[in-house]
Amino acid sequence: MIFASDNWAGVHPEIARHVVEKTSGFTPSYANSDIDKDVVRKIGELFECEVSVFLVGTGTIANSLALSAVARPGGVVFCHENAHIIVDECGGPEFFTDGVRLHGVSGNDGKVDPGALENAVARYPREFVHHGQPAAISITQLTEAGTTYSLSEVSQISDIARSNDIPLHMDGARFANAIARLAVSPAEMTWKSGVDVLSFGGTKNGCWCAEAIVFFNEDLARDFEFIHKRAGQLYSKSSFLSAQFEALLEDGLWLKLARHANEMAALLTSHIKRSSKLRLAWQPDANEVFAIMKSEVSDELLASDAMFFIETPPAFITDSMGEDEVLARFVCSFATRDIDVDKFGELIS
């Protein structure tokens, strides 16, 4: 009963098989092989436009380097106060951007509040040298709360970015789960809604270690090949990364795996709704489920071979929790089995 993280799931067999088949023998290095070029083409087809694509090994470096492409002297990047880039990436974005600051913005359900965002950006007038200057806005899809931005919500934030002449970055570590949930096209969720650069996640969705930085705004990618190399992300055997993405995109596997994870989370949600021991913290949208329970219940479940993580409650939920209660995060993946979800349901029934 492993609900710790989709990072705990192994590699999907189809991806493992494809990597072995495609990387045997000799292959040109440093993203010059046919498979490297094929993945760029396939990602462009997926997003229905010309794109610049750079593969990297982790989500942290994907976000950090994407933001480094838009860095400015004294720059400030605006993101949700609980965003991964500001809470869980060990200062990586600040390090790789040579000191760009991250400004946390409030918002319910893990989503940036547009009014709060406008107020935050207004605190840094571009002409006032002492405060620094706005560099970018970053949103997470899925959010850290497991919720999704609708197309109109992304567009509303994009309008704020455009009015301030700054790009919009999307952290898409769980982009596939959001697309599967909303049933929209990747193009609609990104450049058609005003997104300039996407961190497109593969690791949480069946890959070993494969993330893609996808630029829809070609101007932002002008010098990125040097940033990519300098950060140590231009792998000599880059075909191992490309083979993972090629398999992930083959016959819609990326969406199939995401749909399964979402379905397992929906099953888990149904068990929690019937339980008297747990209650939903908020309605989940995809493969992450958050529940509130007493500390003693959490201890009992963890002792029963259930694996999940206790989270620091975000500001928008703390008033509804008792002093003896905790917030737990349950994550389903492509490898989650319904038999294990049902077994957990028996524990909390």
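These legends walk through several close-ups of one predicted model.

**View 1. Helix H11, mostly tucked away.**
Helix H11 covers residues 239-249, and 10 of its 11 residues are buried. On the buried list you'll find Ser239, Leu241, Ser242, Ala243, Gln244, Phe245, Glu246, Ala247, Leu248 and Leu249. What sits over them? The cover includes helices H1 (13-23), H2 (34-47) and H12 (253-274), along with strands S1 (52-56), S6 (197-201) and S7 (211-215). Just past the end of H11, have a look at Asp251, where phi is positive, at about 55°.

**View 2. Asp34 and Ser239, brought together by the fold.**
Asp34 is found in helix H2, while Ser239 is one of the buried residues of H11. How far apart are Asp34 and Ser239 in sequence and in space? They're separated by 205 residues along the chain, yet their C-alpha atoms are 8.7 Å apart. Is Asp34 buried or exposed? Its relative accessibility is 65%, so Asp34 counts as exposed; the cut-off for that label is over 50%.

**View 3. An aromatic pair linking a strand to a helix.**
Searching the whole structure turns up 18 aromatic pairs. Shown here is the one between Phe200 and Trp254, an edge-to-face arrangement with ring centres 5.8 Å apart and planes at 80°. Phe200 belongs to strand S6 and Trp254 to helix H12, so this pair ties together parts of the chain that lie 54 residues apart in sequence. Both Phe200 and Trp254 are buried. Zoom out a little and the two turn out to be members of one aromatic cluster, together with Phe47, Phe175, Phe216 and Phe245. Phe245 also appears among the buried residues of H11, so that helix ties this view back to View 1.**View 4. Strand S2 between two parallel partners.**
Strand S2 (residues 75-80) is mostly covered, with 6 of its 6 residues buried. Strand S4 (residues 133-140) pairs with S2 in the parallel sense through 4 bridges, and here Val76 stands opposite Pro134. Strand S3 (residues 101-105) also runs parallel to S2, joined by 5 bridges. For that pairing, look for Val77 opposite Leu102. As background, strands of a sheet pair through backbone hydrogen bonds, in either a parallel or an antiparallel way.

**View 5. A four-stranded antiparallel sheet.**
In what order do the strands of this open sheet come? The 4 strands run S8-S9-S11-S10, with antiparallel pairing. Strands S8 (278-280) and S10 (309-311) stand at the edges with a single partner strand each, so one side of each has no neighbour in the sheet. From one strand to the next, the twist averages 40°. For a closer look at one edge, S10 and strand S11 (residues 325-331) run antiparallel and are joined by 3 bridges. Phe309 has Arg329 in S11 as its bridge partner.

**View 6. Helices H6 and H7 packed together.**
Helix H6 (residues 114-122) and helix H7 (residues 151-163) pack at about 15°, and their axes are 10 Å apart. Angles under 35 degrees count as roughly parallel, and H6 and H7 are therefore roughly parallel to each other. Their crossing is right-handed. Which residues meet here? From H6 come Pro114, Leu117 and Glu118, and they meet Gln156, Ile157 and Ile160 of H7.

Terms used. Residues numbered from 1 in each chain as written. Predicted model: local features only at pLDDT ≥ 70, side-chain atom pairs only at ≥ 80, totals over all residues. Heavy atoms only, no water. Buried < 20%, exposed > 50% of the residue type's maximum accessible area, 1.4 Å probe, protein only. Contact = heavy atoms within 4.5 Å. Phe/Tyr/Trp six-rings, centres within 6.5 Å; stacked < 30°, edge-to-face > 60°. Pairing = 2+ DSSP bridges. Axes fitted to C-alpha atoms, helices over the stretch in contact; angles between N-to-C directions. Parallel < 35°, antiparallel > 145°, perpendicular 65-115°, else oblique. Left-handed = near helix turned anticlockwise from the far one by under 90°.
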